[in-house]
Amino acid sequence: MTQEKRPAFESAAVLVEPLAPPPDMRRPMATVFGALLAVLRVIAGVIWLVALAAQWDAILRDELQIDIDDAADVEAANAVLIVILVAGAVYLTIMLALAVLVYFGSNAARVTVMIFGTLSITAAAIDYFAGVEEITIRTTLLTLALDILVMLALSSRAARAYARRPRGRAPRT
C-alpha cells in the first residue's frame with residue numbers, strides 16, 4: 001500500500017476535512033516522538049530551574065545589580081526565588097502530565113501542549129527581536145528547539161488522526 005504524495009501547499013478546506021482513522025489505530029511515531037520531546041522539554045526546564053537556583057546570588061548581583069547587604073534583602077530575594085521555583089515546578093508538573101496524556105492519545109492534551117509551545121516560541125522571538133535576550137546554547141536554544149520539534153511532531157496528520165480517532169467502549173462479555 002503506497003501513499004500518494006501530498007502537494008506542498010494545500011487549501012485550508014483540505015486541511016480541516018475530518019479524518020476517518022480506524023478506532024484500533026496504532027500509536028504513530030509522531031505521537032511517541034512528540035510526547036518524548038515534551039518530556040525532554042520538562043527535563044530542560046528542571047535543569048534551568050536548578051541552574052537558576054545555583055546562580056541566584058550572581059544573577060542578583062551581576063545582572064540585576066541588586067546589592068544584598070542586610071538580612072531583610074536576602075530574605076526578600078530568597079522569597080522571590082522560592083516563588084519562581086514553585087511556579088516553575090507546578091508548570092513542569094502540568095507539562096509532564098500533559099506529555100503522558102499526549103502519549104495515550106488525548107487530543108485536548110495535544111492541543112494544550114502545542115499552545116504552550118506556541119507561547120514559548122513567541123516569547124523567545126519577542127525577547128530576541130526586542131534585544132532583551134540572545135538565543136544561544138547557554139540560554140534558550142535548547143528549549144526553543146525542543147518547543148519547535150514538539151510543535152512539528154504533534155501537528156502532524158498522524159498525531160492528529162490518532163488523537164481524534166473514535167474510541168468506543170469494548171463490548172462486555
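Colleague: What is the area of the nonpolar surface patch that includes Phe 33, Leu 36 and Ile 148?
Modeller: This is a predicted model, in which local features need pLDDT of at least 70, side-chain atom pairs count only at pLDDT 80 or more, and totals for chains, interfaces and linings use all residues. Residues are numbered from 1 along each chain as its sequence is written, and side-chain values use heavy atoms, without hydrogens or water. A nonpolar patch joins Val, Leu, Ile, Met, Phe, Trp and Tyr side chains within 5 Å, from residues with over 30% relative accessible area (Shrake-Rupley, 1.4 Å probe) and no salt bridge (Lys or Arg side-chain nitrogen within 4 Å of an Asp or Glu carboxyl oxygen). Leu 40, Ile 43, Ile 47, Leu 149 and Leu 152 also belong here, and the patch area is about 710 Å².

Colleague: Which helix gives the largest share of the nonpolar patch?
Modeller: Helices are DSSP runs (H or I, at least four residues), numbered from the N terminus. Both α2 and α6 supply at least two residues of the patch. The largest share, five residues, comes from α2.

Colleague: Is Ile 43 buried, partly exposed or exposed?
Modeller: Ile 43 lies in helix α2. Buried means under 20% relative accessible area, exposed over 50%, and partly exposed in between. Because its relative accessibility is 43%, Ile 43 counts as partly exposed.

Colleague: Which element gives the largest share of the largest nonpolar core?
Modeller: A nonpolar core consists of buried Ala, Val, Leu, Ile, Met, Phe, Trp, Tyr and Cys residues joined through side-chain atoms within 4.5 Å. Among its 16 residues, Met 95 and Val 102 are two of those touching the most other members. Two or more residues each come from α2, α4, α5 and α6. The largest share, five residues, is given by α2.

How values were computed
Buried means under 20% relative accessible area, exposed over 50%, partly exposed in between (1.4 Å probe, protein chains only). Patches are made of residues with over 30% relative accessible area and no salt bridge: like charges are joined within 9 Å, nonpolar side chains (Val, Leu, Ile, Met, Phe, Trp, Tyr) within 5 Å.
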